[in-house]
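Student: I've got this one open in the viewer and I'd like to go through the labels. Can we take them one at a time?

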Amino acid sequence: MVDFRSLEIFYWVSQLESFSKAAERLNTTQPAVSQRIAALETELRTRLFERSSRSISLTDKGRVLVDYAERFLRLRAAMLEAVATPEAMRGVVRLGVSETIVQTWLARFIERAHAVYPNVLIDITVDVTPVMRDALVKRELDLAFLLGPVSEPNMSNLDLGSYALAFVAASDLPIAPEPLSRRDLLKYPLITYPKSTYPYTFLREILSIPEIGSPRLFSNSSLSTIVRMTEDHIGLSVIPPDVIQTELAAGKLRVVETEISLPDLVFTASYPMAMGGGIAGPLAALAVEVAREDQAQGMTNKQA
């Protein structure tokens with residue numbers, strides 16, 4: 001009789017199109033995956049994959065089984081979420097995180113997640129949103145806290161709130177009278193997120209003046225490096241003030257008033273909806289709680 005483990009292995013081989021990637025995803029070995037698939041094909045008396053030296057693809061019967069496998073596994077995930085205690089939840093969750101979240105509330109989330117789900121291991125990767133979005137689509141990540149939402153089909157997005165962007169300078173950096181105009185801003189190098197991100201592309205578009213030229217943009221994936229470059233008078237940075245509260249309070253950095261209205265950074269907890277998201281779904285909901293608490297605390301601090 002077909003068991004859940006065989007269906008789970010079959011499902012991930014079909015999604016990742018690789019026996020080795022499925023083995024890594026399920027924390028097992030490639031021979032074990034191959035044996036499970038071979039046994040499943042023997043039991044069902046049909047080929048589920050067409051194999052070549054470089055790739056695999058589903059047969060017609062394999063594509064039919066994918067739909068059933070996903071339904072079975074989604075039902076199991078829903079059952080566990082409804083009935084099992086948090087301590088019974090086990091497995092590895094591959095989590096991608098934007099550095100803005102790392103610099104704000106990620107530590108509190110990890111602490112809370114470990115307390116609620118002690119038998120779940122969270123494997124963290126810090127990266128930029130475009131890379132994480134692709135990894136979610138390819139099922140290389142189970143969950144990501146990123147600039148969202150992710151508009152791909154079958155992707156769930158939970159709102160994690162937003163962070164305002166601002167122009168920031170070293171407190172002792174001489175600059176033109178405020179508010180700075182677009183022409184004023186072109187006099188300074190601007191330091192911000194990587195080229196593939198929305199803040200970078202927005203700045204390049206909004207500050208490009210045909211008769212003058214394009215802004216000098218320095219991109220960096222490390223917020224701590226951006227902050228250090230700003231403190232060293234290399235230029236103005238465009239980052240959320242929420243991630244530099246310590247530097248603002250110490251008088252090392254200050255927010256610069258400009259005539260430019262910057263868009264907020266909107267973050268989501270995004271994960272593939274296959275199998276109900278598995279452990280990723282409850283962790284995403286927990287992230288929403290932690291993010292709201294962080295924003296509420298931030299509002300309290302500002303009012304104080």
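**Rings and helices**

Tutor: Sure. Keep in mind that this is a predicted model. Let's start with a cluster: Phe10, Phe19 and Phe49 are linked by ring pairs.

Student: What makes Tyr11 and Trp12 an edge-to-face pair?

Tutor: Their ring centres are 5.3 Å apart, and pairing asks for centres within 6.5 Å. The planes sit at 85°, and over 60 degrees counts as edge-to-face, so edge-to-face is the label. By this rule, the count is eight aromatic pairs.

Student: Why is Trp12 called buried?

Tutor: Its relative accessible area is 5%, and buried means under 20%. Tyr11, at 0%, is buried too.

Student: And why are Tyr198 and Phe202 called tilted?

Tutor: The centres are 6.0 Å apart, with planes at 45°. Stacked needs under 30 degrees and edge-to-face over 60, so this pair is tilted. Both residues lie in helix 9, four residues apart, about one turn of the helix.

Student: Is Tyr198 buried, exposed or partly exposed, and how do you know?

Tutor: Its relative accessible area is 46%. That falls between the 20% and 50% cut-offs, so Tyr198 is partly exposed. Phe202, at 16%, is buried.

Student: Why is helix 1 called roughly perpendicular to helix 3?

Tutor: Their axes come within 9 Å and cross at roughly 110°. The range for roughly perpendicular is 65 to 115 degrees, so the name fits. The contact has six nonpolar, one polar and two charged residues. On the helix 1 side, Phe10 is one of the residues meeting helix 3.

Technical notes:
Residues are numbered from 1 along each chain as its sequence is written. This is a predicted model: local features need pLDDT of at least 70, side-chain atom pairs count only at pLDDT 80 or more; totals for chains, interfaces and linings use all residues. Side-chain values use heavy atoms; hydrogens and water are left out. Axes are lines fitted to C-alpha atoms, for helices over the stretch in contact, and angles run from 0 to 180 degrees between N-to-C directions. Helices (H or I, at least four residues) and strands (E, at least two) are DSSP runs, numbered from the N terminus. Angles under 35 degrees count as roughly parallel, over 145 as roughly antiparallel, 65 to 115 as roughly perpendicular and the rest as oblique. Contact means heavy atoms within 4.5 Å. Ala, Val, Leu, Ile, Met, Phe, Trp, Tyr, Cys and Pro count as nonpolar, Asp, Glu, Lys and Arg as charged, and the others, Gly among them, as polar. Buried means under 20% relative accessible area, exposed over 50%, partly exposed in between (1.4 Å probe, protein chains only).
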